[in-house]
Amino acid sequence: FLPPFLRRCVRFQMREPDEQFLAAVADMYLGKAAKQQRELIRDFAVKLGRGDNLAVDQLLGMIHLVTGKTPPDPDDFLRVKDILWRDLNR
């Protein structure tokens, strides 16, 4: 951004969410479903740690999908995960 614009902005930096933060957010929104999906939360945290540009709602959507009334079968699970967890810059 141009300096005149930046001069009028308050700059704020957030640290990268870790596994515990992601688990707390998932628990708050999805309760019991999140407790069953710790491996997904761990995988998501690893992707963030590698520098992937992801949003927390991508994790919440995946947990909601796989714990719903008709979760995807194992063959579709990885395909769905790749689609939902696509880097936001792609």
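**Notes on the salt bridges and helix H6**

1. Let's start with Asp27, which forms a salt bridge with Arg38; their closest N and O atoms are 3.1 Å apart. Asp27 sits in helix H2 and Arg38 in helix H4, so this pair ties together parts that are 11 residues apart in sequence. Please keep in mind that this is a predicted model.

2. How exposed are the two partners? Asp27 is partly exposed, at 23% relative accessible area, and Arg38 also counts as partly exposed, at 28%.

3. Moving on to helix H6, the side chain of Lys81 meets that of Asp43 in a salt bridge, 3.1 Å from N to O. Lys81 belongs to H6 and Asp43 to H4, so the contact ties together parts 38 residues apart in sequence. Lys81 counts as buried, since its relative accessibility of 15% falls under the 20% cut-off. Asp43 is partly exposed at 27%.

4. A small network is worth a look too: salt bridges with shared partners join Asp27, Lys35 and Arg38.

5. Another link between H2 and H4 is the salt bridge of Arg42 with Glu19, where the closest N and O atoms are 3.5 Å apart. Arg42 is in H4 (residues 38–49) and Glu19 in H2 (residues 19–30), 23 residues apart. Arg42 is partly exposed at 40%, as is Glu19 at 31%.

6. In total, the count comes to 8 salt bridges.

7. Finally, back to H6 (residues 74–84): how many of its 11 residues are buried? The count is 1, so this helix is hardly covered. At the start of H6, a side-chain oxygen of Asp73 reaches to within 3.0 Å of the backbone nitrogen of Asp75.

Key. Residues are numbered from 1 along each chain as its sequence is written. This is a predicted model: local features need pLDDT of at least 70, side-chain atom pairs count only at pLDDT 80 or more; totals for chains, interfaces and linings use all residues. Side-chain values use heavy atoms; hydrogens and water are left out. Buried means under 20% relative accessible area, exposed over 50%, partly exposed in between (1.4 Å probe, protein chains only). Helices (H or I, at least four residues) and strands (E, at least two) are DSSP runs, numbered from the N terminus. A polar contact is a pair of N or O atoms within 3.5 Å; within protein, one must be able to donate a hydrogen and the other to accept it, and residues adjacent in sequence count only if both atoms are side-chain atoms. A salt bridge is a side-chain nitrogen of Lys or Arg within 4 Å of a carboxyl oxygen of Asp or Glu.
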